[in-house]
Amino acid sequence: MPRELSGALEGRDLCVGIVVSRFNRSVTAPLLAGALEALAAYGVGDDDIVVAHVPGAFEIPFAAQALARSGRYQALVCLGAVVRGETPHFDYICDEVTRGVGRVVAEYRVPVAFGVLTTDTIEQALARAGEGHGNKGYEAAVTAIEMARLARVLE
Ligand code: INI
């Protein structure tokens with residue numbers, strides 16, 4: 001029989017860092033609320049959560065890297081909303097935030113849940129930041145807990 005490893009959805013004694021951007025706040029505020037709801041639901045204590053606010057998604061990797069470097073968090077959650085609009089800026093920001101967060105995972109070996117929405121319209125983003133399970137912030141926080149636990153059994 002193969003030995004199977006997985007991460008339990010048990011948040012007690014985990015410290016979780018959240019990075020959330022303000023740009024498109026009508027989306028990122030409910031993403032943050034969803035993430036905090038999930039962390040509470042799975043037992044992560046309030047005192048074990050830190051929330052770093054950054055201006056836009058472009059700045060997310062910087063804050064994620066700083067939190068990862070501190071060594072205090074077993075998982076990070078990155079939350080943002082990049083909306084295409086009419087500008088090629090969209091592609092640059094999406095590339096930067098995706099690669100930057102990926103570098104943090106590789107460099108610090110800390111699980112990072114990616115809750116950065118990249119959509120064509122603000123309506124599409126809002127639809128992913130709703131109540132309960134339609135909320136990507138909630139989903140990202142659950143992923144962070146699972147990955148933090150998995151990291152412990154993988155080591
Ligand atoms: N930042 C976002 O988080 N979402 C966007 O949709 C966005 N747009 O469209 O420009 C955006 N721009 C700001 C960017 O993330 C930086 O904060 C800014 O360039 C300063 O470095």
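Helices and strands here are DSSP runs, counted from the N terminus, with at least four residues for a helix and at least two for a strand. With those labels in hand, let's take a walk through this predicted model.

**A buried asparagine**

Start with Asn135, which sits in the loop between α4 (122–127) and α5. Is Asn135 buried or exposed? Its relative accessibility is 2%, and because buried means under 20%, Asn135 counts as buried. What does its side chain pair up with? One polar side-chain atom of Asn135 is 2.8 Å from the backbone oxygen of Gly130, and a polar atom of that side chain is also 2.8 Å from the backbone nitrogen of Gly137. Skipping its neighbours within four places in sequence, Asn135 is in contact with Pro30, Leu31, Gly34, Arg128, Ala129 and Gly130.

**The nonpolar cores**

One of those contacts, Leu31, brings us to the largest nonpolar core. This core has 27 residues, and the members touching the most others are Ile18, Val27, Leu31, Leu39, Val44, Val77 and Leu79. Two or more residues each come from β1 (16–21), α1 (25–41), β3 (75–83), β4 (112–119) and α5 (136–154). The largest share is from α5, with seven residues. In soluble globular proteins, nonpolar side chains tend to be buried together.

For a close-up, pick Ile18. Beyond its neighbours within four places in sequence, Ile18 is in contact with a list of residues including Leu32, Leu36, Leu39, Val51, Val77 and Leu79. Apart from this core lies another one, of 21 residues, with Ala57, Ala64, Val97 and Val116 among them.

**Around the ligand**

Now for the ligand. Which residues are around it? They are Phe23, Asn24, Gly56, Ala57, Phe58, Glu59, Ala81, Val82, Val83, His89 and Ile93. Sorted by class, this shell has seven nonpolar, three polar and one charged residues. Here are some polar pairs between protein and ligand:

| Residue | Protein atom | Ligand atom | Distance |
|---|---|---|---|
| Glu59 | polar side-chain atom | oxygen | 2.4 Å |
| Ala81 | backbone N or O | nitrogen | 2.8 Å |
| Val83 | polar backbone atom | oxygen | 3.0 Å |

On its own, the ligand has 460 Å² of accessible area, and the protein covers 75% of that. The elements giving two or more residues to the shell are β3 and α3 (89–108). Which element gives the most? That would be β3, with three residues. So β3 turns up twice on our walk, since it gives residues to the largest core and to the ligand's shell.

Methods: Residues are numbered from 1 along each chain as its sequence is written. This is a predicted model: local features need pLDDT of at least 70, side-chain atom pairs count only at pLDDT 80 or more; totals for chains, interfaces and linings use all residues. Side-chain values use heavy atoms; hydrogens and water are left out. A nonpolar core is a set of buried Ala, Val, Leu, Ile, Met, Phe, Trp, Tyr and Cys residues joined through side-chain atoms within 4.5 Å. Buried means under 20% relative accessible area, exposed over 50%, partly exposed in between (1.4 Å probe, protein chains only). Contact means heavy atoms within 4.5 Å. A residue is near a molecule or strand if one of its heavy atoms lies within 4 Å of it. A polar contact is a pair of N or O atoms within 3.5 Å; within protein, one must be able to donate a hydrogen and the other to accept it, and residues adjacent in sequence count only if both atoms are side-chain atoms. Accessible areas come from the Shrake-Rupley method with a 1.4 Å probe; for residues, only the protein chains shown count as cover. Ala, Val, Leu, Ile, Met, Phe, Trp, Tyr, Cys and Pro count as nonpolar, Asp, Glu, Lys and Arg as charged, and the others, Gly among them, as polar.
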